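Biologist: I am new to this one, so please show it to me and explain how each label is earned.

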Amino acid sequence: MRGIVHRPSADPKAGLVITHGRSNNMKTPLVRRIAEAASENAVLAVRINFRYADAKGSASRDLSREEDDLLGAVRFLRRQMSSSPIYVAGKSMGARVCARASHDTDVAGVIALGYPLHPMFRPQVRNPPEWPLIVKPALFVQGDQDPFCDLGRMREELPRLRQPHDLVVIPNAGHSFEPKGGKRDTFPEVWDAVLRWLAQIIG
């Protein structure tokens, strides 16, 4: 498994592992920019490739191999920091992997960037498989025009979570926060949501 570490200039307040979606890798701009912004805000960040991405393969059916990869990166950060909290962030499928890994004692919380709540344009499909596995505080950042996450359905599902959770909606944005209806960089809006949540939960 490969990853890139982004070290802050000061002592880190927290650690963050950032994972990619099914059809991309750690070089995707959103993943890279999250890691860079985190390190600029006193967070020790590492962005990783799931092993299948380097092997030119495909993700495991139940995402168990990807969960192992993610937890390997969590262990790496824990060796760097003895006591600071570690958060996991994932784009799309990576968010599902983070949900699976939230049971781990070293994971303090989950950041889901474009959570795929249901198949594309099929909000009638119920019972997202990883939803019951989210057992830590969670932030969901969603585009309001994401075909994989109907916001009405998301708001129905959120009360089922047992831990504190927040939903931030990026207006006029798609699944990867690509702008709709006009050219703009949505990343500042996404990062502002992540940074505010981290500041609140870390204290």
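Modeller: Let's begin with a term: a residue is buried when its relative accessible area is under 20%, exposed when that area is over 50%, and partly exposed in between (1.4 Å probe, protein chains only). Helices (H or I, at least four residues) and strands (E, at least two) are DSSP runs, numbered from the N terminus. This is a predicted model, in which local features need pLDDT of at least 70 and side-chain atom pairs count only at pLDDT 80 or more, while totals for chains, interfaces and linings use all residues. Residues are numbered from 1 along each chain as its sequence is written, and side-chain values use heavy atoms, with hydrogens and water left out.

Biologist: What makes helix 4 largely enclosed by the rest of the structure?

Modeller: The count settles it: 9 of the 9 residues of helix 4 are buried, so the helix is largely enclosed. Among them are Met93, Arg96, Cys98 and Arg100. Strand 2, helix 2 (51–54), helix 3, strand 4 and strand 5 are included in what covers these residues.

Biologist: Just before that helix is Ser92, in the loop between strand 4 and helix 4. Why does Ser92 count as buried?

Modeller: Ser92 has a relative accessibility of 13%, and the cut-off is under 20%, so Ser92 is buried. Leaving aside neighbours within four places in sequence, Ser92 is in contact (heavy atoms within 4.5 Å) with Gly21, Leu113, Gly114, Pro116 and His175. Its phi is near 55°, a positive value in a residue other than glycine.

Biologist: Phe121 also has a positive phi, near 60°. Why is Phe121 called exposed?

Modeller: Phe121, in the loop between strand 5 and strand 6, has 62% relative accessibility. The bar for exposed is over 50%, so Phe121 clears it.

Biologist: And why is Lys13 exposed?

Modeller: Its relative accessibility is 55%, so Lys13 passes the mark of over 50% as well. Lys13 lies in the loop between strand 1 (3–6) and strand 2 (14–19). Beyond neighbours within four places in sequence, Lys13 touches Ala42, Ser84, Pro85 and Ile202. Lys13 and Gly203 are 190 residues apart in sequence, with their C-alpha atoms 9.9 Å apart in space.

Biologist: What makes a group of residues a nonpolar core?

Modeller: Its members are buried Ala, Val, Leu, Ile, Met, Phe, Trp, Tyr and Cys residues joined through side-chain atoms within 4.5 Å. Here the largest such core has 35 residues, and those with the most contacts inside it are Val17, Val88, Tyr115, Trp131, Phe140 and Met154. Among the elements that each supply at least two residues of this core are strand 3 (43–48), helix 3 (64–80) and strand 6 (138–143). Helix 4 gives the most, with 6 residues. A second, separate core of 27 residues includes Ile18, Ala89, Leu139 and Trp191.

Biologist: How do you know that Phe50 and Tyr52 are stacked?

Modeller: Rings of Phe, Tyr and Trp (its six-membered ring) pair if their centres lie within 6.5 Å; planes under 30 degrees apart count as stacked, over 60 as edge-to-face and the rest as tilted. The structure holds 5 aromatic pairs. In that of Phe50 and Tyr52, the centres are 6.2 Å apart and the planes are at 15°, so the pair is stacked. Phe50 is buried at 0% relative accessible area, and Tyr52 is buried at 8%. Elsewhere, ring pairs link Tyr115, Trp131 and Phe140 into a cluster.

Biologist: What makes a space a pocket?

Modeller: On a 1 Å grid over the protein atoms alone, a cavity is a set of points where a 1.4 Å probe fits but cannot get out, whereas a pocket is an open set with protein on both sides within 12 Å along at least five of seven lines; lining residues have an atom within 4 Å of a point. Grid points are joined across faces, edges and corners, and a volume is the space filled by probe spheres set on the points. By that reckoning, the largest pocket has a volume of about 390 Å³. Of its 23 lining residues, Arg22, Ser92, Arg96, Pro116 and Phe148 lie nearest its centre.

Biologist: What is the volume of the second largest pocket?

Modeller: About 220 Å³. It is lined by 14 residues, with Thr28, Pro29, Leu30, Ser176 and Phe177 closest to the centre. Helix 1 (29–39) and helix 6 (187–202) are the elements that give two or more residues to this lining, and helix 1 has the largest share, 3 residues.
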